[in-house]
Amino acid sequence: MATNVKLQTWVDQIASMTQPDAIRWIKGTEEEKQELLDAMVASGMATKLNESKHPGCYLFRSDPSDVARVEGRTYIASVKEEDAGPTNNWIDPVELKKTLTSLSTGCMKGRTMYVIPFSMGPVGSPISKIGIEITDSAYVVVNMMIMTRTGDAVLEQLGEDGEFIPCIHSVGAPLEEGAKDSTWPCAPMDKKYIAHFPEEKMIWSYGSGYGGNALLGKKCFALRIASVLAREEGWLAEHMLILKLTDPNGNVKHICGAFPSACGKTNLAMLVPTIPGWKVETLGDDIAWMKFGSDGRLHALNPEAGFFGVAPGTSMESNPNAMLSCAKNTIFTNCALTDEGDIWWEGIGYDAPEHLIDWQGKDWTPNSSEVAAHKNARFTAPANQCPVIAPDWEDPNGVPVDAILVGGRRKTTIPLVHQSFNWNHGIFMGAIMGSEITAAVISDKVGQVRRDPFAMLPFIGYHVGDYLQHWLDIGKATDEDKLPKIFYVNWFRKSEDGKWLWPGYGENSRVLKWIVERCSGEGKAVETPIGYLPTVDAIDRSGLDSVSDEDMAELLTVDKEEWKAEAKSIRAHFTSYGPKMPRELFAELDALEARLNA
Ligand code: O2Y
Ligand code: MN
């Protein structure tokens, strides 16, 4: 029973619609989490991993139809369609509520309804916000207990009249009396709805039990609904990592970075620098909430408490800190299982054993034609287990942001790094960033650039044009010298013969070094039509033999003809967003074209 009347009334109302067999309020204790995990092992939904190899770890296998976020079934149900904009799926909120009410009536029959009070950000921080997720999935509960701060402390913070974001979740699979439950109940694709009501600030997810569709604190709240709140309240809710960089003299800078998927965001957040004396510490790997402090600077806070990381490709070589973060007390989803009760995935850094159980629960050998772990297999690991978690990652006031990075995966055109001339030019960089479409996605657009403003396209809870205008307005709210400096990075440039020009991973610390030098008014740079670039000798390459002077020159080339073509494609992209696209960004594009033609 909650002392918050609004909360209790809402919980009663959802219970009377969904008709669960039982209601359980989550207190947020370790004993409770263990009890839920033990029950899921007993029911066959989870497998406990070998305690001596992975203490406190569990493996879950999802239904093969429920393996990732489903953008095609994700909706922004604003009152007016034009407020959702051209990049979101829109349904009239009244119609969508009718559909969801009909689907949800009796949807928790035979199940327990869990009520999870959760805080995005440390409980009580002035930046944090409270949500309440109602769910009929114990898997969601144990994941939310890692990814957010949950339980009684949150209820206490909420008090009798505190505000919360209501988040309804159901797997959409009522259990008839006496029926045997599936190990991963969910609804068919055409019955899944990941719905957001931006005016009401409410989330309603039906039919999927997986990741971003079901752990509603993450993409649904901390990005889609928070982006709406941020616009109304004058702050930023962004799809960004946060890292702390310390130089050999102990000088500290904080950097946020927005990258589309498959650009190594978690790797950058946990980078091991190759340049002596430099240190990277992690504050967040996916989401940053940035608010103005009393010093007029933007301060960033990671609203999450865990990492929901992609397993395949993660190894002691590519990201030792992620591997150590998930060594214990971790939930693995859709990884392969060894005969010794250990997990395995493609790219883990050692060969697969002779026999595995694959992510679909089938026998697998190295001769099998399919992958053993799903390519979107995940680990859910507590952030405080990261060996390089920054001591102040839970500072209630966040950390002052010195630099913002934007970037994507581009073989040509975009140099290794360039700095914006000013804030508006930096927002222009954020608006044009994106990756080339690779053959990993079945598409007739392979090689074309998919632009993804600030990597937020699937996560903006309103019109993309209004979103970019909000970034421009943030720049007007303080002095330019108090704003973070903005840089566009591209670790993925290739030579004409198809070789990677930059080694990436820990060597990216060399680029970060130039970036923080620029933030301190140092770092050698040349002015070009696209922004400030490092001079060929400005990036520290001591001890890095694999990048020759010629490679460096190529990495920092600005080819005017390529950029003229780029500008044309940017104009088409801006125009596709319709009349809400800010004038200032067209002005930046005009200015870029003028500089290229000068
Ligand atoms: O497929 C999912 O449900 C997970 S998506 C995800 C998870 C962690 C961090 N980022 C993402 C993303 O899609 O950006
Ligand atoms: Mn993400």
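## Close-up views of a predicted model

**Figure 1. Helix 10 and the lining of the largest cavity.** Helix 10, which spans residues 423-432, gives the most to the lining of the largest cavity, contributing 4 residues. The view, like those that follow, is taken from a predicted model. The residues that line this cavity are His-418, His-425, Phe-428, Met-429, Ile-432, Tyr-488, Ile-530, Trp-563 and Leu-592. Sorted by class, the lining holds 7 nonpolar and 2 polar residues, while charged residues are absent from it. The space in the largest cavity amounts to about 40 Å³, and the structure holds 1 cavity when those of 30 Å³ or more are counted.

**Figure 2. The manganese ion and its protein donors.** The manganese ion (ligand 2) has as its protein donors Lys-219 through NZ, His-239 through NE2 and Asp-286 through OD, at distances of 2.1 to 2.2 Å. Along the chain, the donors of this ion are spaced according to the pattern K-x19-H-x46-D. Because Lys-219 belongs to helix 7 whereas Asp-286 belongs to the loop between strand 14 (279-284) and strand 15 (288-292), this pair ties together parts that are 67 residues apart in sequence. Lys-219 counts as buried, since its relative accessible area is 7%, and Asp-286 also counts as buried, with a relative accessible area of 10%.

**Figure 3. A network of salt bridges that includes Lys-219 and Asp-286.** Two of the manganese donors, Lys-219 and Asp-286, appear again in this view, where salt bridges link Lys-218, Lys-219, Lys-265, Asp-286 and Glu-304 in a network. As background for this view and the next three, side chains of opposite charge can pair when their charged atoms come close. In the structure as a whole, 36 salt bridges are found.

**Figure 4. The salt bridge between Asp-466 and Arg-231.** Asp-466 and Arg-231 are joined through their side chains in a salt bridge, with a distance from N to O of 3.7 Å. Since Asp-466 lies in helix 11 (residues 464-476) and Arg-231 in helix 7 (residues 217-233), the pair ties together parts of the chain that are 235 residues apart in sequence. The two partners are placed differently with respect to the surface: Asp-466 counts as buried because its relative accessibility is 14%, whereas Arg-231, at 39% relative accessibility, counts as partly exposed.

**Figure 5. The salt bridge between Asp-181 and Arg-111.** In this view the side chains of Asp-181 and Arg-111 form a salt bridge, the distance from N to O being 2.8 Å. The pair links distant parts of the chain, 70 residues apart, with Asp-181 in the loop between strand 8 (165-170) and strand 9 (193-197), and Arg-111 in the loop between helix 3 (93-104) and strand 5 (112-120). Arg-111 is the buried partner, with a relative accessible area of 8%, while Asp-181 counts as partly exposed at 32% relative accessibility.

**Figure 6. The salt bridge between Arg-69 and Glu-71.** Arg-69 and Glu-71 form a salt bridge in which the closest N and O atoms are 3.1 Å apart. Arg-69 has a relative accessible area of 30% and is therefore partly exposed, and Glu-71, with a relative accessible area of 42%, is likewise partly exposed.

**Figure 7. Ala-352 and Glu-31, set within the whole chain.** Ala-352 sits in the loop between strand 20 (343-344) and strand 21 (356-357), and because its relative accessible area is 18%, which lies under the 20% limit, Ala-352 counts as buried. From Ala-352 to Asp-66 the distance between C-alpha atoms is 25 Å, and these residues are 286 residues apart in sequence. Glu-31, by contrast, belongs to helix 2 (residues 30-43) and counts as exposed, its relative accessibility being 59%. Between the C-alpha atoms of Glu-31 and Ile-165 there are 26 Å, for a separation of 134 residues along the chain. For orientation, the protein chain contains 15 helices and 31 strands, and 60% of its 598 residues count as buried. Its C-alpha atoms fill a box of roughly 75 × 55 × 50 Å along the principal axes. The radius of gyration of the protein chain is 24 Å, which agrees with the value near 25 Å that a compact globule of 598 residues would have.

How values were computed: Residues numbered from 1 in each chain as written. Chains lettered and ligands numbered in written order. Predicted model: local features only at pLDDT ≥ 70, side-chain atom pairs only at ≥ 80, totals over all residues. Heavy atoms only, no water. 1 Å grid on protein atoms, 1.4 Å probe; cavity = no way out; pocket = protein on both sides within 12 Å on 5 of 7 lines; lining within 4 Å. Points joined across faces, edges and corners; volume = space filled by probe spheres on them. Helix = DSSP H or I, 4+ residues; strand = E, 2+ residues; numbered from the N terminus. Nonpolar A, V, L, I, M, F, W, Y, C, P; charged D, E, K, R; others polar. Salt bridge = Lys/Arg side-chain N within 4 Å of Asp/Glu carboxyl O. Buried < 20%, exposed > 50% of the residue type's maximum accessible area, 1.4 Å probe, protein only. Donors = N, O, S within 2.8 Å, 3.2 Å for Na, K, Ca; no water. Rg over C-alpha atoms; globule rule 2.2 N^0.38 Å.
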